[in-house]
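User: I have a model open on my screen and would like to learn how to read it. Could you walk me through it?

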Amino acid sequence: MKQLVIQAFGDADQLKLTEAERPALAPGQVRIRMHYAGVNPIDAKTRAGLGWGAQAIKDKLPWSPGFEVMGSVLELGVEVNCYQVGDRLFGLVAGGGYGEELVVEAEELLLVPEGVSDEMAAGLSLAGATAWQGLTDHGALQAGERVLISAAAGGVGHLAVQLAKGLGATVVALASPGNHDFLRGLGADEVIDYRDPAALDALAPVDLFFDLVGGTSGETLLSHLKPGGRVVTVPTITAPQVIAAAEARGLKATGMLRRIDNEHLDILAGMIADGRLKVEVSHVFPLAEGPAAHRQIESGHTRGKVLLRG
Ligand SMILES: NC(=O)c1ccc[n+]([C@@H]2O[C@H](COP(=O)([O-])OP(=O)(O)OC[C@H]3O[C@@H](n4cnc5c(N)ncnc54)[C@H](OP(=O)(O)O)[C@@H]3O)[C@@H](O)[C@H]2O)c1
């Protein structure tokens, strides 16, 4: 079976399509035919040798990226009674999603509910878990509060806008003008061009800042919080910098690392099924075009999600 791997850290062209072994199934495992894999900034940062992801795999190359997958069951290991061949599954895996097939523990994945497309299920798990955990577990967002979301049109941000609105918050979304109508359509109450200083100056203070850009952008936007306001800064590489700047202003700030929580993912997939949540998929690349998919995510200006098709 074909798999995209890197042999060494480097640019997008390090991703090469290779022929990989089909491992035997251990008890409790399932073999999945990958239909779509989500492409996330962490995949590209790790491929480039940056951050915690690269630290974790630097002695284990070659490595195949891909944490966010959707596919159908090809084969069941012994002791797997919860699924049947052909079932559509999705979820967060520990890597290796960029292949025609993958072998996972059966309990790692969940059934895709009726009414949820393969593409939406594929783009949900990493971005949706980050948005949900960031706003609720870390941000403690309450109905009636004002939340500022940067990179609001991106993979995590466009889900965070919808979830924050559903929680009863007033949502202020930052994006370039070409994404403003898109964000209003997702429920954003106020939409601001992050490159427009006058529009930013006029912004009324917020209770929570969900920072999806980090670095200097994260630091600069801290001036828009109410006294005692809260900050969740999501990009891990710059989190210490943004947290230090926030604390110097007397704000409560935290970084985060999304975790696997299939109960949450089940709820989010149910929200898609009943029309309360939408995953926007703007680009789909065939597996063989992995480098182009990485260049797209590295542009920093993707609307919604990028997927690879298996
Ligand atoms: N800690 C964790 O567990 C975790 C989990 C997931 C993601 N992350 C990190 O969170 C960040 C966001 O992830 P993502 O998947 O949402 O990224 P993404 O999809 O690549 O984000 C793209 C969006 O960023 C916007 N953008 C770019 N520069 C901006 C700026 N200066 N101000 C406001 N918006 C800007 C773009 O909007 P325009 O095109 O309108 O400019 C675009 O829509 C990444 O750094 C990622 O690594 C961390």
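Analyst: Happy to! Let's begin with salt bridges: a salt bridge is a side-chain nitrogen of Lys or Arg within 4 Å of a carboxyl oxygen of Asp or Glu. Side chains of opposite charge can pair when their charged atoms come close. Before we count, note that this is a predicted model, where local features need pLDDT of at least 70, side-chain atom pairs count only at pLDDT 80 or more, and totals for chains, interfaces and linings use all residues. Residues are numbered from 1 along each chain as its sequence is written, and side-chain values use heavy atoms, with hydrogens and water left out.

User: How many salt bridges does a search of the whole structure find?

Analyst: The search gives 17. One pair to look at is Glu19 with Lys2, whose closest N and O atoms are 2.9 Å apart. This pair links distant parts of the chain, 17 residues apart: Glu19 sits in strand β2 (residues 16-19) and Lys2 in strand β1 (residues 2-5). Helices (H or I, at least four residues) and strands (E, at least two) are DSSP runs, numbered from the N terminus.

User: Which domains does the domain assignment give?

Analyst: Domain bounds come from an automatic or database domain assignment. Here, domain 1 covers 2-111 + 280-309, and domain 2 covers 127-255. Their contact (heavy atoms within 4.5 Å) takes 12 residues from domain 1 and 13 from domain 2. Between the domain centres, taken over C-alpha atoms, there are 29 Å.

User: What area is buried between domain 1 and domain 2?

Analyst: The size of an interface is often given as the accessible area lost when the parts come together. Buried area is that loss with a 1.4 Å probe, summed over both parts. For domain 1 and domain 2 it is about 850 Å², with carbon and sulfur atoms giving 56%. The rule finds 0 salt bridges across this interface.

User: Which backbone features should I look at?

Analyst: Try the peptide bond from Leu61 to Pro62, which is cis, with omega near 5°. Pro62 lies in the loop between α2 (51-57) and β4 (68-76). Then visit Glu79, which has a positive phi of about 75° although it is not a glycine. Glu79 is in the loop between β4 and β5 (88-92).

Definitions and conventions. Buried area = accessible area lost by both parts, 1.4 Å probe.
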